[in-house]
Amino acid sequence: MTVLCTIIWVMTAFGYQIKRSKRKTIGLYVIDGELEVRAPRYCTLGEIDSFVVEQQDWVENKLEESAKKASEKPVLEDGGTFLFLGKQRQLRYETGSPDVYELGDDIIISRDLFTDIERLFEEWLISEARLYITDRIFELADTMDCADLITDVAFRKTKSKWGHCTEKGKLQFNWLIIMAPPVVIDYVIIHELAHLFHLDHSKAFWAKVAEYCKDHKEHRRWLNDNGHKLWFT
Ligand SMILES: [Zn+2]
């Protein structure tokens with residue numbers, strides 16, 4: 001008899017999920033605040049449980065870290081906060097025809113009963129990102145003497161990358177980067193512009209980046225440590 005099922009999910013009483021597969025060792029993963037145990041098919045529940053208990057400190061740290069990151073995400077609600085150009089801004093809701101505008105340090109979302117707040121806020125962020133980032137792209141490209149190599153600039157919410165550059169000179173940026181500090185946005189732009197000269201991540205590429213952004217390592221670290229604060233969905 002052929003068993004077609006290759007993965008079996010089991011929820012145990014110990015607050016984690018077990019994913020069985022052909023793997024040979026047990027692995028622990030914290031995904032979206034939940035512990036997932038990946039284990040060989042032949043492992044008993046007792047063996048898995050002992051392994052989890054042995055790794056308890058690691059699991060607790062990871063769960064704590066994950067909860068902290070979740071609490072630092074932008075909050076789309078009246079009085080909620082989010083980063084914009086690296087500064088903490090507050091959202092305030094008011095009644096009226098759908099619109100988003102700035103009032104001092106606050107961002108006001110004017111809404112009626114039918115307003116899709118997330119879509120309205122997203123549209124506002126995208127238009128701010130387009131204006132700000134496009135200007136910076138061409139200012140920096142002039143400095144780097146590569147403006148004539150750019151054939152297209154697009155903005156998309158991509159999961160894994162803040163920016164992208166093709167060999168044909170098409171640049172793409174994740175518009176969520178508008179929330180990062182200006183120096184970090186500049187680094188992301190310089191990184192992609194440097195790809196117009198070197199499509200790889202060779203020494204020559206990083207030398208080009210460093211020529212125009214000497215603190216690039218620090219900015220990359222900022223993105224690693226704070227990137228989750230730029231995702232509100
Ligand atoms: Zn790159």
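Two strands are taken to pair if DSSP finds at least two bridges between them. The exercises below apply this to a predicted model.

**Exercise 1. Determine the strand order of the four-stranded sheet, identify its edge strands, and find which helix packs on this sheet.**

Solution. Begin with the pair S5 and S6: strand S6 covers residues 87–95, and four bridges join S5 to S6, the two running antiparallel. Because a pair needs at least two bridges, S5 and S6 count as paired. Within this pair, Phe82 has Arg89 in S6 as its bridge partner.

Next, extend the pairing to the whole sheet, which is open, has four strands in the order S5-S6-S8-S7, and shows mixed pairing. Strand S5 (81–84) and strand S7 (99–103) are the edge strands, each of them pairing on one side only. From one strand to the next, the twist averages 35°.

Finally, look for the helix: helix H3 (residues 117–144) packs on the sheet and touches S7 and strand S8 (106–111), with a direction that makes about 135° with that of S8.

**Exercise 2. Describe the three-stranded sheet and state which helices lie against it.**

Solution. The order in this open sheet is S9-S11-S10, and the pairing is mixed. Strand S9 (152–155) and strand S10 (163–165) stand at the edges with a single partner strand each, so that one side of each has no neighbour in the sheet. Direction ignored, neighbouring strands here are turned by 15° against each other on average.

For the pairing in detail, take S10 and strand S11 (residues 170–173), which run antiparallel and are joined by three bridges. Here Gly163 stands opposite Phe173 in S11.

Two helices are then to be placed. H4 packs on the sheet, touching S10 and S11, and its direction makes about 15° with that of S10. H3 lies across S9 and S11 and runs at about 150° to S9.

**Exercise 3. Classify the crossing of H3 and H4 by angle and handedness, and list the residues in contact.**

Solution. The axes of H3 and H4 come within 10 Å and cross at roughly 55°. An angle counts as roughly parallel under 35 degrees and as roughly perpendicular from 65 to 115, and H3 and H4 are therefore oblique to each other. As to handedness, H3 passes H4 in a right-handed crossing.

The contact is made on the H3 side by Ile133, Arg136, Ile137, Leu140, Ala141 and Met144, and on the H4 side by Ile185, Asp186, Ile189, Ile190 and Leu193. Sorted by class, the contact of H3 with H4 has nine nonpolar, no polar and two charged residues.

**Exercise 4. Work out how H4 is oriented to H5 and to H6, and which residues make each contact.**

Solution. Take H5 to begin with: the axes of helix H4 (residues 182–194) and helix H5 (residues 203–212) come within 9 Å and cross at roughly 140°. Since only angles over 145 count as roughly antiparallel, H4 and H5 are therefore oblique to each other. Their crossing is right-handed. Ile190, His191 and Ala194 in H4 meet Phe205, Lys208, Val209 and Tyr212 in H5, and by class this contact has five nonpolar, one polar and one charged residues.

Turn now to helix H6 (residues 216–226), whose axis and that of H4 come within 9 Å and cross at roughly 105°. That angle makes H4 roughly perpendicular to H6. Val183, Val184 and Tyr187 of H4 form the contact with His216, His219, Trp222 and Leu223 of H6, and the residues of this contact divide into five nonpolar, two polar and no charged.

**Exercise 5. Characterise the connection between S3 and S4, and then locate the domains along the chain.**

Solution. Strand S3 (residues 27–31) and strand S4 (residues 34–40) run antiparallel and are joined by five bridges, with Val30 standing opposite Leu35 in S4. S3 and S4 form a hairpin with two residues between them, and Asp32 in the turn has a positive phi of about 50°.

For the domains, the chain is divided into domain 1 (9–71) and domain 2 (124–230). Taken over C-alpha atoms, the centres of domain 1 and domain 2 are separated by 37 Å.

Key
Residues are numbered from 1 along each chain as its sequence is written. This is a predicted model: local features need pLDDT of at least 70, side-chain atom pairs count only at pLDDT 80 or more; totals for chains, interfaces and linings use all residues. Axes are lines fitted to C-alpha atoms, for helices over the stretch in contact, and angles run from 0 to 180 degrees between N-to-C directions. Two residues are in contact if their C-beta atoms, placed from the backbone, lie within 7 Å. Domain bounds come from an automatic or database domain assignment. A crossing is left-handed if the near helix is turned anticlockwise from the far one by less than a right angle, and right-handed if clockwise. Ala, Val, Leu, Ile, Met, Phe, Trp, Tyr, Cys and Pro count as nonpolar, Asp, Glu, Lys and Arg as charged, and the others, Gly among them, as polar.
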